[in-house]
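Reader: I would like to learn how to read a ligand site and a pocket. Can we work through one example together?

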Amino acid sequence: MREYVTTAIPYVNGAPHIGHAVDYCLADTAARYFRLKGDEVRFQVGTDEHGGKIFQKAEELNIPVEKYVKENSDAFRDFIGKLNISYTDFIRTTDEAHIRRCQEIWKKLQDHIYLASYEGWYCTGCERFITEKECQENHGVCPDHQKPYEKIKEENYYFRISDFKSQIKAKIESDELLILPDFRKKEILKLLDDSPDVSISRPREQLKWGVTVPGDESQVMYVWIDALSNYITVLGYPEQDISEWWPAAAQFVGKDILRFHAIIWPAMLLGLGLELPKVIVSHGMILADGQKMSKSIGNVVDPIEVINKYGLDAFRFFFLRHVDTFADSDYTAEKFDEAYKNELANDLGNLVQRLATLAKKNNIQLGNSAVLELSTGYCELMDKFEFSKAFDYCWEKVQDLNKRIDEEKPWMLAKAGETEKLENCLKKLLVDLLQVNTELTPFMPDACGKIAEILRDPIAPPKVPLFPK
Ligand code: MSP
(Lines give C-alpha, C1' and ligand atoms only; values in the text may rest on other atoms or scores of the structure.)
Protein backbone atom coordinates (compact mmCIF):
# COMPACT_ATOMS: atom_id res chain seq x y z
CA MET A 1 0.00 0.00 0.00
CA ARG A 2 0.98 3.61 -0.49
CA GLU A 3 0.32 5.96 2.41
CA TYR A 4 0.68 9.72 2.62
CA VAL A 5 1.18 11.34 6.03
CA THR A 6 1.17 15.09 6.67
CA THR A 7 1.97 17.55 9.46
CA ALA A 8 0.78 21.12 10.07
CA ILE A 9 3.40 23.52 8.75
CA PRO A 10 4.44 25.92 11.52
CA TYR A 11 4.55 29.68 11.16
CA VAL A 12 8.13 30.88 11.05
CA ASN A 13 7.67 33.85 13.37
CA GLY A 14 9.92 32.33 16.01
CA ALA A 15 12.05 29.34 16.91
CA PRO A 16 10.55 25.85 17.19
CA HIS A 17 9.14 25.15 20.65
CA ILE A 18 8.16 22.03 22.45
CA GLY A 19 4.55 22.12 21.18
CA HIS A 20 5.72 21.86 17.56
CA ALA A 21 7.34 18.53 18.38
CA VAL A 22 3.93 16.94 18.96
CA ASP A 23 2.82 17.02 15.31
CA TYR A 24 6.19 15.73 14.16
CA CYS A 25 6.46 12.90 16.67
CA LEU A 26 2.89 11.70 16.08
CA ALA A 27 3.14 11.82 12.30
CA ASP A 28 6.54 10.16 12.37
CA THR A 29 5.16 7.36 14.52
CA ALA A 30 2.38 6.81 11.98
CA ALA A 31 4.83 6.87 9.07
CA ARG A 32 7.17 4.39 10.74
CA TYR A 33 4.27 2.13 11.71
CA PHE A 34 3.02 2.07 8.11
CA ARG A 35 6.53 1.16 6.96
CA LEU A 36 6.76 -1.55 9.60
CA LYS A 37 3.65 -3.09 8.06
CA GLY A 38 5.34 -3.00 4.66
CA ASP A 39 3.68 0.11 3.21
CA GLU A 40 5.44 2.71 1.10
CA VAL A 41 5.17 6.13 2.71
CA ARG A 42 5.35 9.70 1.55
CA PHE A 43 5.67 12.10 4.47
CA GLN A 44 5.43 15.90 4.17
CA VAL A 45 6.78 18.52 6.57
CA GLY A 46 7.47 22.19 5.95
CA THR A 47 7.09 25.80 6.96
CA ASP A 48 4.24 28.31 6.61
CA GLU A 49 5.96 31.55 5.68
CA HIS A 50 3.39 34.12 4.57
CA GLY A 51 0.91 36.31 6.45
CA GLY A 52 0.74 39.42 8.58
CA LYS A 53 2.10 37.85 11.73
CA ILE A 54 5.40 36.92 10.11
CA PHE A 55 5.68 40.18 8.20
CA GLN A 56 5.13 42.24 11.35
CA LYS A 57 7.74 40.25 13.28
CA ALA A 58 10.37 40.69 10.56
CA GLU A 59 9.66 44.44 10.50
CA GLU A 60 9.90 44.65 14.27
CA LEU A 61 13.31 42.99 14.11
CA ASN A 62 14.29 45.11 11.15
CA ILE A 63 15.29 42.10 9.09
CA PRO A 64 14.28 41.71 5.41
CA VAL A 65 11.33 39.35 5.50
CA GLU A 66 12.85 36.90 2.97
CA LYS A 67 15.96 36.56 5.13
CA TYR A 68 13.90 36.22 8.29
CA VAL A 69 11.72 33.40 6.95
CA LYS A 70 14.71 31.57 5.48
CA GLU A 71 16.56 31.60 8.81
CA ASN A 72 13.57 30.36 10.76
CA SER A 73 12.65 27.79 8.16
CA ASP A 74 16.19 26.45 8.46
CA ALA A 75 15.79 26.32 12.23
CA PHE A 76 12.69 24.14 11.77
CA ARG A 77 14.51 21.92 9.32
CA ASP A 78 17.30 21.42 11.87
CA PHE A 79 14.78 20.71 14.59
CA ILE A 80 13.00 18.10 12.48
CA GLY A 81 16.40 16.50 11.85
CA LYS A 82 17.14 16.47 15.57
CA LEU A 83 13.85 14.65 16.18
CA ASN A 84 14.83 12.03 13.57
CA ILE A 85 11.62 12.58 11.64
CA SER A 86 11.52 10.25 8.65
CA TYR A 87 10.01 12.79 6.22
CA THR A 88 10.32 12.52 2.48
CA ASP A 89 9.31 16.08 1.46
CA PHE A 90 10.00 19.48 2.97
CA ILE A 91 7.93 22.34 1.58
CA ARG A 92 8.33 26.07 2.12
CA THR A 93 5.29 28.14 1.18
CA THR A 94 7.66 30.68 -0.35
CA ASP A 95 8.90 28.03 -2.83
CA GLU A 96 8.32 29.28 -6.32
CA ALA A 97 6.59 26.03 -7.36
CA HIS A 98 4.22 26.22 -4.39
CA ILE A 99 3.24 29.81 -5.20
CA ARG A 100 2.58 28.97 -8.84
CA ARG A 101 0.52 25.90 -7.93
CA CYS A 102 -1.47 27.84 -5.33
CA GLN A 103 -2.48 30.30 -8.00
CA GLU A 104 -3.57 27.43 -10.24
CA ILE A 105 -5.64 26.06 -7.36
CA TRP A 106 -7.30 29.46 -6.91
CA LYS A 107 -8.21 29.57 -10.60
CA LYS A 108 -9.75 26.11 -10.36
CA LEU A 109 -11.89 27.26 -7.44
CA GLN A 110 -13.00 30.43 -9.26
CA ASP A 111 -16.65 29.30 -9.57
CA HIS A 112 -16.95 29.29 -5.81
CA ILE A 113 -15.22 32.65 -5.24
CA TYR A 114 -16.86 36.10 -5.18
CA LEU A 115 -15.87 39.63 -4.24
CA ALA A 116 -17.54 41.33 -1.29
CA SER A 117 -16.71 43.80 1.42
CA TYR A 118 -15.79 42.68 4.90
CA GLU A 119 -16.30 44.77 7.95
CA GLY A 120 -15.40 43.09 11.18
CA TRP A 121 -12.69 41.69 13.38
CA TYR A 122 -9.38 40.02 12.67
CA CYS A 123 -6.73 38.48 14.91
CA THR A 124 -3.28 38.59 13.35
CA GLY A 125 -1.95 36.22 16.04
CA CYS A 126 -4.48 33.58 14.95
CA GLU A 127 -4.49 34.79 11.31
CA ARG A 128 -8.25 34.46 11.52
CA PHE A 129 -11.41 36.49 10.90
CA ILE A 130 -13.38 36.71 14.14
CA THR A 131 -17.17 36.76 14.30
CA GLU A 132 -19.03 39.49 16.19
CA LYS A 133 -20.29 36.86 18.65
CA GLU A 134 -16.80 35.57 19.37
CA CYS A 135 -15.48 39.10 19.75
CA GLN A 136 -18.17 39.89 22.29
CA GLU A 137 -17.64 36.66 24.20
CA ASN A 138 -13.93 37.45 24.51
CA HIS A 139 -14.53 41.13 25.33
CA GLY A 140 -12.64 42.19 22.22
CA VAL A 141 -9.36 40.56 23.25
CA CYS A 142 -7.89 37.34 21.83
CA PRO A 143 -7.59 34.91 24.75
CA ASP A 144 -4.66 33.12 23.07
CA HIS A 145 -2.61 36.15 22.13
CA GLN A 146 -3.79 38.65 24.76
CA LYS A 147 -4.15 41.33 22.08
CA PRO A 148 -7.25 43.31 21.10
CA TYR A 149 -8.91 42.15 17.91
CA GLU A 150 -8.33 44.55 15.02
CA LYS A 151 -11.33 46.13 13.35
CA ILE A 152 -10.95 45.94 9.60
CA LYS A 153 -13.03 47.12 6.69
CA GLU A 154 -11.90 45.91 3.32
CA GLU A 155 -12.88 44.48 -0.02
CA ASN A 156 -12.06 40.76 -0.07
CA TYR A 157 -12.62 37.65 -2.09
CA TYR A 158 -14.87 35.12 -0.41
CA PHE A 159 -14.99 31.37 -0.75
CA ARG A 160 -18.50 29.95 -0.85
CA ILE A 161 -18.28 27.30 1.88
CA SER A 162 -22.06 26.97 1.61
CA ASP A 163 -21.57 25.20 -1.75
CA PHE A 164 -19.99 22.25 0.08
CA LYS A 165 -21.42 22.25 3.59
CA SER A 166 -23.88 19.43 3.18
CA GLN A 167 -21.32 17.20 1.42
CA ILE A 168 -18.72 17.84 4.12
CA LYS A 169 -21.26 17.15 6.82
CA ALA A 170 -22.27 13.83 5.27
CA LYS A 171 -18.67 12.73 4.83
CA ILE A 172 -17.76 13.59 8.41
CA GLU A 173 -20.90 12.01 9.83
CA SER A 174 -20.28 8.78 7.94
CA ASP A 175 -16.56 8.79 8.85
CA GLU A 176 -15.63 8.78 5.19
CA LEU A 177 -13.59 11.70 6.49
CA LEU A 178 -12.71 10.37 9.91
CA ILE A 179 -12.02 13.03 12.52
CA LEU A 180 -10.23 11.80 15.59
CA PRO A 181 -10.94 11.94 18.46
CA ASP A 182 -14.70 11.54 18.33
CA PHE A 183 -15.43 14.50 20.64
CA ARG A 184 -13.65 16.81 18.20
CA LYS A 185 -15.71 15.38 15.35
CA LYS A 186 -18.83 16.40 17.28
CA GLU A 187 -17.46 19.91 17.85
CA ILE A 188 -16.72 20.30 14.16
CA LEU A 189 -20.18 19.14 13.13
CA LYS A 190 -21.67 21.83 15.37
CA LEU A 191 -19.32 24.47 14.04
CA LEU A 192 -20.01 23.47 10.46
CA ASP A 193 -23.70 24.29 10.78
CA ASP A 194 -22.92 27.94 11.55
CA SER A 195 -19.93 28.30 9.24
CA PRO A 196 -20.21 31.38 7.07
CA ASP A 197 -18.45 31.82 3.73
CA VAL A 198 -14.82 32.68 4.38
CA SER A 199 -12.86 35.67 3.28
CA ILE A 200 -9.84 34.32 1.43
CA SER A 201 -7.87 37.41 0.44
CA ARG A 202 -6.58 40.64 1.92
CA PRO A 203 -5.92 43.90 0.07
CA ARG A 204 -2.21 44.24 -0.73
CA GLU A 205 -2.29 47.67 0.98
CA GLN A 206 -3.04 45.86 4.23
CA LEU A 207 -0.85 42.85 3.70
CA LYS A 208 2.10 42.77 1.36
CA TRP A 209 3.53 39.41 2.28
CA GLY A 210 1.55 36.73 0.51
CA VAL A 211 0.68 35.03 -2.75
CA THR A 212 -0.86 37.36 -5.33
CA VAL A 213 -4.43 36.54 -6.31
CA PRO A 214 -4.33 35.51 -9.98
CA GLY A 215 -5.81 38.23 -12.14
CA ASP A 216 -5.94 40.80 -9.32
CA GLU A 217 -2.60 42.33 -8.32
CA SER A 218 -4.31 44.40 -5.64
CA GLN A 219 -5.15 41.32 -3.55
CA VAL A 220 -3.08 38.78 -1.68
CA MET A 221 -4.33 35.32 -0.75
CA TYR A 222 -5.41 34.72 2.83
CA VAL A 223 -2.53 32.82 4.41
CA TRP A 224 -4.63 29.76 5.21
CA ILE A 225 -5.60 29.18 1.57
CA ASP A 226 -1.93 29.28 0.65
CA ALA A 227 -0.96 27.12 3.65
CA LEU A 228 -3.59 24.40 3.26
CA SER A 229 -2.71 24.02 -0.41
CA ASN A 230 0.75 22.82 0.62
CA TYR A 231 -0.52 19.31 1.25
CA ILE A 232 -1.11 18.82 -2.45
CA THR A 233 1.26 21.32 -4.07
CA VAL A 234 4.11 19.38 -2.45
CA LEU A 235 2.93 16.35 -4.43
CA GLY A 236 3.05 18.39 -7.64
CA TYR A 237 -0.65 19.28 -7.95
CA PRO A 238 -2.08 20.41 -10.32
CA GLU A 239 0.54 19.63 -13.00
CA GLN A 240 1.10 16.13 -11.73
CA ASP A 241 -1.27 13.25 -11.16
CA ILE A 242 -1.29 12.83 -7.38
CA SER A 243 -3.59 9.82 -7.20
CA GLU A 244 -0.70 7.56 -6.14
CA TRP A 245 -0.59 9.42 -2.83
CA TRP A 246 -3.81 11.31 -2.46
CA PRO A 247 -6.09 11.00 -0.45
CA ALA A 248 -3.77 11.24 2.55
CA ALA A 249 -3.84 8.34 4.97
CA ALA A 250 -3.53 10.69 7.93
CA GLN A 251 -3.20 14.43 8.48
CA PHE A 252 -1.92 15.50 11.92
CA VAL A 253 -2.97 18.89 13.32
CA GLY A 254 -3.38 20.53 16.71
CA LYS A 255 -6.90 21.05 18.04
CA ASP A 256 -6.46 24.83 17.62
CA ILE A 257 -6.32 24.51 13.84
CA LEU A 258 -8.76 21.66 13.32
CA ARG A 259 -11.52 23.99 12.09
CA PHE A 260 -9.37 25.06 9.11
CA HIS A 261 -8.63 21.43 8.27
CA ALA A 262 -12.11 20.06 8.78
CA ILE A 263 -14.10 22.84 7.09
CA ILE A 264 -12.09 25.05 4.71
CA TRP A 265 -9.74 22.31 3.54
CA PRO A 266 -12.47 19.79 2.65
CA ALA A 267 -14.37 22.57 0.86
CA MET A 268 -11.27 23.38 -1.19
CA LEU A 269 -10.73 19.72 -2.05
CA LEU A 270 -14.35 19.22 -3.07
CA GLY A 271 -14.13 22.36 -5.19
CA LEU A 272 -11.09 20.87 -6.92
CA GLY A 273 -12.85 17.54 -7.44
CA LEU A 274 -10.36 15.75 -5.17
CA GLU A 275 -11.07 13.18 -2.50
CA LEU A 276 -10.97 14.13 1.17
CA PRO A 277 -8.21 12.79 3.44
CA LYS A 278 -9.04 9.50 5.11
CA VAL A 279 -8.28 10.71 8.63
CA ILE A 280 -7.58 13.97 10.40
CA VAL A 281 -5.93 13.35 13.74
CA SER A 282 -6.36 16.29 16.08
CA HIS A 283 -3.99 16.30 19.03
CA GLY A 284 -4.17 18.28 22.25
CA MET A 285 -1.95 21.06 23.51
CA ILE A 286 1.14 20.84 25.68
CA LEU A 287 0.71 23.00 28.71
CA ALA A 288 3.49 24.20 30.97
CA ASP A 289 2.49 23.81 34.61
CA GLY A 290 -1.17 23.89 33.62
CA GLN A 291 -0.85 27.05 31.52
CA LYS A 292 -0.69 27.58 27.80
CA MET A 293 2.91 27.89 26.71
CA SER A 294 3.56 31.38 25.47
CA LYS A 295 6.46 33.70 24.93
CA SER A 296 4.68 36.51 26.76
CA ILE A 297 4.12 34.37 29.88
CA GLY A 298 7.75 33.28 29.57
CA ASN A 299 7.07 29.56 30.16
CA VAL A 300 8.15 28.24 26.77
CA VAL A 301 10.28 25.11 27.07
CA ASP A 302 13.19 24.81 24.66
CA PRO A 303 13.04 21.30 23.16
CA ILE A 304 16.70 21.34 22.13
CA GLU A 305 17.76 21.81 25.75
CA VAL A 306 15.67 18.80 26.80
CA ILE A 307 17.06 16.65 23.96
CA ASN A 308 20.63 17.68 24.76
CA LYS A 309 20.15 16.75 28.40
CA TYR A 310 18.25 13.46 28.06
CA GLY A 311 18.69 12.31 24.48
CA LEU A 312 16.16 12.00 21.68
CA ASP A 313 14.72 8.64 22.72
CA ALA A 314 13.79 10.01 26.12
CA PHE A 315 12.19 13.02 24.45
CA ARG A 316 10.10 10.87 22.11
CA PHE A 317 9.30 8.50 24.97
CA PHE A 318 7.83 11.30 27.04
CA PHE A 319 5.87 12.97 24.26
CA LEU A 320 4.45 9.80 22.84
CA ARG A 321 3.69 7.92 26.06
CA HIS A 322 3.04 10.53 28.71
CA VAL A 323 1.40 13.07 26.48
CA ASP A 324 -2.06 11.73 25.70
CA THR A 325 -2.49 11.60 21.93
CA PHE A 326 -5.75 13.51 21.98
CA ALA A 327 -6.10 15.45 25.26
CA ASP A 328 -4.15 18.44 26.57
CA SER A 329 -1.19 17.42 28.71
CA ASP A 330 1.01 19.15 31.17
CA TYR A 331 4.77 19.29 30.75
CA THR A 332 6.94 19.70 33.80
CA ALA A 333 10.66 19.04 34.09
CA GLU A 334 9.99 16.87 37.18
CA LYS A 335 7.48 14.65 35.35
CA PHE A 336 9.91 14.22 32.50
CA ASP A 337 12.79 13.33 34.78
CA GLU A 338 10.69 10.84 36.74
CA ALA A 339 9.41 9.11 33.59
CA TYR A 340 12.95 8.89 32.25
CA LYS A 341 14.51 7.41 35.36
CA ASN A 342 11.69 5.17 36.59
CA GLU A 343 10.49 3.83 33.31
CA LEU A 344 12.90 4.22 30.45
CA ALA A 345 16.10 3.60 32.41
CA ASN A 346 14.71 1.14 34.96
CA ASP A 347 12.07 -0.83 33.05
CA LEU A 348 13.57 -0.97 29.57
CA GLY A 349 17.24 -0.07 29.98
CA ASN A 350 17.82 -2.51 32.83
CA LEU A 351 15.83 -5.26 31.15
CA VAL A 352 17.97 -5.11 28.03
CA GLN A 353 21.16 -4.96 30.07
CA ARG A 354 20.16 -7.90 32.29
CA LEU A 355 19.06 -10.13 29.44
CA ALA A 356 21.99 -9.31 27.19
CA THR A 357 24.45 -10.01 30.03
CA LEU A 358 22.79 -13.37 30.80
CA ALA A 359 22.76 -14.30 27.12
CA LYS A 360 26.42 -13.44 26.71
CA LYS A 361 27.45 -15.31 29.83
CA ASN A 362 25.60 -18.42 28.68
CA ASN A 363 26.56 -18.11 25.04
CA ILE A 364 23.02 -17.72 23.67
CA GLN A 365 22.63 -16.10 20.26
CA LEU A 366 19.43 -15.48 18.36
CA GLY A 367 20.97 -14.20 15.16
CA ASN A 368 18.42 -13.20 12.54
CA SER A 369 16.38 -16.37 12.86
CA ALA A 370 13.60 -15.09 15.11
CA VAL A 371 10.49 -14.22 13.10
CA LEU A 372 8.55 -11.38 14.63
CA GLU A 373 4.93 -10.54 14.13
CA LEU A 374 3.12 -7.46 15.30
CA SER A 375 0.51 -8.37 17.89
CA THR A 376 -3.18 -7.85 17.18
CA GLY A 377 -3.71 -5.73 20.30
CA TYR A 378 -0.92 -3.40 19.24
CA CYS A 379 -2.12 -3.08 15.65
CA GLU A 380 -5.68 -2.38 16.74
CA LEU A 381 -4.54 0.61 18.79
CA MET A 382 -2.05 1.85 16.21
CA ASP A 383 -4.63 1.60 13.41
CA LYS A 384 -6.89 3.90 15.47
CA PHE A 385 -3.97 6.32 16.03
CA GLU A 386 -4.25 5.66 19.79
CA PHE A 387 -0.51 6.03 20.09
CA SER A 388 -0.17 6.75 23.81
CA LYS A 389 -2.38 3.73 24.54
CA ALA A 390 -0.37 1.55 22.17
CA PHE A 391 2.78 2.71 23.94
CA ASP A 392 1.21 1.76 27.31
CA TYR A 393 0.28 -1.62 25.87
CA CYS A 394 3.92 -2.23 24.88
CA TRP A 395 5.14 -0.99 28.23
CA GLU A 396 3.02 -3.54 30.07
CA LYS A 397 4.83 -6.20 28.08
CA VAL A 398 8.18 -4.70 29.09
CA GLN A 399 7.14 -4.76 32.74
CA ASP A 400 5.86 -8.35 32.41
CA LEU A 401 9.20 -9.40 30.98
CA ASN A 402 10.96 -7.90 34.00
CA LYS A 403 8.67 -9.93 36.25
CA ARG A 404 9.27 -13.07 34.20
CA ILE A 405 13.03 -12.88 34.60
CA ASP A 406 12.58 -12.55 38.35
CA GLU A 407 10.21 -15.49 38.45
CA GLU A 408 12.03 -17.79 36.05
CA LYS A 409 15.44 -17.00 37.57
CA PRO A 410 17.65 -18.11 34.67
CA TRP A 411 20.76 -17.67 36.83
CA MET A 412 19.48 -20.50 39.08
CA LEU A 413 19.05 -22.74 36.02
CA ALA A 414 22.66 -21.95 35.09
CA LYS A 415 23.84 -22.74 38.60
CA ALA A 416 21.94 -26.06 38.56
CA GLY A 417 23.50 -26.96 35.18
CA GLU A 418 20.07 -27.19 33.51
CA THR A 419 21.52 -26.22 30.13
CA GLU A 420 18.54 -27.01 27.92
CA LYS A 421 16.01 -25.34 30.18
CA LEU A 422 18.30 -22.35 30.50
CA GLU A 423 18.70 -22.00 26.75
CA ASN A 424 14.95 -22.27 26.18
CA CYS A 425 14.18 -19.79 28.92
CA LEU A 426 16.68 -17.18 27.68
CA LYS A 427 15.76 -17.61 24.03
CA LYS A 428 12.09 -17.15 24.81
CA LEU A 429 12.80 -14.04 26.84
CA LEU A 430 15.03 -12.64 24.10
CA VAL A 431 12.44 -13.29 21.38
CA ASP A 432 9.65 -11.74 23.44
CA LEU A 433 11.71 -8.66 24.19
CA LEU A 434 12.72 -8.39 20.57
CA GLN A 435 9.07 -8.59 19.59
CA VAL A 436 7.99 -5.73 21.86
CA ASN A 437 11.10 -3.83 20.82
CA THR A 438 9.90 -4.05 17.21
CA GLU A 439 6.53 -2.66 18.25
CA LEU A 440 8.27 0.17 20.08
CA THR A 441 10.42 1.06 17.05
CA PRO A 442 8.03 3.65 15.54
CA PHE A 443 8.12 5.52 18.86
CA MET A 444 11.84 5.35 19.60
CA PRO A 445 13.62 4.35 16.40
CA ASP A 446 17.18 5.04 17.57
CA ALA A 447 17.07 3.17 20.88
CA CYS A 448 15.06 0.29 19.43
CA GLY A 449 17.53 -0.07 16.55
CA LYS A 450 20.36 -0.39 19.08
CA ILE A 451 18.36 -2.77 21.27
CA ALA A 452 17.57 -5.03 18.30
CA GLU A 453 21.28 -5.32 17.50
CA ILE A 454 22.16 -6.10 21.12
CA LEU A 455 19.46 -8.74 21.47
CA ARG A 456 20.14 -10.52 18.23
CA ASP A 457 23.82 -10.82 18.93
CA PRO A 458 24.59 -10.05 22.55
CA ILE A 459 28.30 -10.69 22.23
CA ALA A 460 29.13 -7.50 23.98
CA PRO A 461 26.31 -5.93 25.98
CA PRO A 462 26.88 -2.19 26.14
CA LYS A 463 29.18 -1.08 28.93
CA VAL A 464 27.51 2.31 28.95
CA PRO A 465 23.81 1.94 29.87
CA LEU A 466 21.38 2.73 27.08
CA PHE A 467 19.66 5.29 29.28
CA PRO A 468 22.18 6.60 31.83
CA LYS A 469 20.60 7.94 35.01
N1 MSP B 1 0.84 27.66 10.23
C2 MSP B 1 -0.27 27.06 10.87
C3 MSP B 1 -0.53 25.67 10.33
C4 MSP B 1 -0.78 25.59 8.86
S5 MSP B 1 -1.08 23.94 8.36
C6 MSP B 1 -1.57 24.09 6.78
C7 MSP B 1 -0.03 26.97 12.37
N8 MSP B 1 1.23 27.09 12.78
S9 MSP B 1 1.69 27.01 14.32
O10 MSP B 1 3.11 27.23 14.32
O11 MSP B 1 0.92 27.91 15.11
O12 MSP B 1 1.34 25.56 14.79
C13 MSP B 1 1.89 24.44 14.12
C14 MSP B 1 1.43 23.16 14.81
O15 MSP B 1 1.96 23.12 16.14
C16 MSP B 1 -0.09 23.08 14.95
O17 MSP B 1 -0.54 21.76 14.72
C18 MSP B 1 -0.31 23.46 16.41
O19 MSP B 1 -1.47 22.91 16.95
C20 MSP B 1 0.91 22.86 17.04
N21 MSP B 1 1.21 23.46 18.32
C22 MSP B 1 1.58 24.73 18.58
N23 MSP B 1 1.69 24.88 19.93
C24 MSP B 1 1.39 23.73 20.56
C25 MSP B 1 1.39 23.27 21.88
N26 MSP B 1 1.69 24.05 22.91
N27 MSP B 1 1.07 21.96 22.09
C28 MSP B 1 0.80 21.09 21.06
N29 MSP B 1 0.80 21.50 19.81
C30 MSP B 1 1.02 22.83 19.53
O31 MSP B 1 -0.97 26.76 13.11
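Reader: Which ligand atom is 2.8 Å from a polar backbone atom of Ile9?

Author: This is a predicted model. A polar contact is a pair of N or O atoms within 3.5 Å. Here, a nitrogen atom of the ligand lies 2.8 Å from a polar backbone atom of Ile9. Ligand oxygen atoms also take part. One is 2.9 Å from a backbone N or O atom of Gly254. For Asp256 the side chain is used: one of its N or O atoms is 2.6 Å from an oxygen atom of the ligand.

Reader: How much of the ligand does the protein bury?

Author: Start with the ligand taken alone. It then exposes 660 Å². The protein buries 93% of that area.

Reader: Which residues come nearest to the ligand?

Author: A residue is near if one of its heavy atoms lies within 4 Å. By that rule, 24 residues surround the ligand. Ile9, Asp23, Asp48, Asp256 and Ile286 come nearest.

Reader: Which element gives the most to the shell around the ligand?

Author: Helix α8 does, with five residues. The elements that each supply at least two residues are α1 (20-36), α8 (223-233) and β12 (250-254).

Reader: How many residues of each class are in that shell?

Author: Sort them as nonpolar, polar and charged. The shell has 13 nonpolar residues, eight polar ones and three charged ones.

Reader: Now the second largest pocket. How much space lies in it?

Author: About 200 Å³. Two elements give two or more residues to its lining: α2 (52-61) and β6 (150-159). Of the elements, α2 gives the most, with four residues.

Reader: Which residues lie nearest the centre of this pocket?

Author: The lining has 13 residues. Gly52, Gln56, Thr124, Gln206 and Leu207 lie nearest the centre. By class, the lining holds five charged, four polar and four nonpolar residues.

Reader: One single residue to finish. Is Ser329 buried or exposed?

Author: Use relative accessibility. Buried means under 20%. Ser329 is at 8%, so it counts as buried.

Reader: Where is Ser329 placed, and which backbone nitrogen lies 3.2 Å from a polar atom of its side chain?

Author: Ser329 sits in strand β16, residues 329-331. The backbone nitrogen is that of Asp324, 3.2 Å from a polar side-chain atom of Ser329.

Technical notes: Residues are numbered from 1 along each chain as its sequence is written. This is a predicted model: local features need pLDDT of at least 70, side-chain atom pairs count only at pLDDT 80 or more; totals for chains, interfaces and linings use all residues. Side-chain values use heavy atoms; hydrogens and water are left out. On a 1 Å grid over the protein atoms alone, a cavity is a set of points where a 1.4 Å probe fits but cannot get out, and a pocket is an open set with protein on both sides within 12 Å along at least five of seven lines; lining residues have an atom within 4 Å of a point. Grid points are joined across faces, edges and corners, and a volume is the space filled by probe spheres set on the points. Ala, Val, Leu, Ile, Met, Phe, Trp, Tyr, Cys and Pro count as nonpolar, Asp, Glu, Lys and Arg as charged, and the others, Gly among them, as polar. A polar contact is a pair of N or O atoms within 3.5 Å; within protein, one must be able to donate a hydrogen and the other to accept it, and residues adjacent in sequence count only if both atoms are side-chain atoms. Accessible areas come from the Shrake-Rupley method with a 1.4 Å probe; for residues, only the protein chains shown count as cover. Buried means under 20% relative accessible area, exposed over 50%, partly exposed in between (1.4 Å probe, protein chains only).
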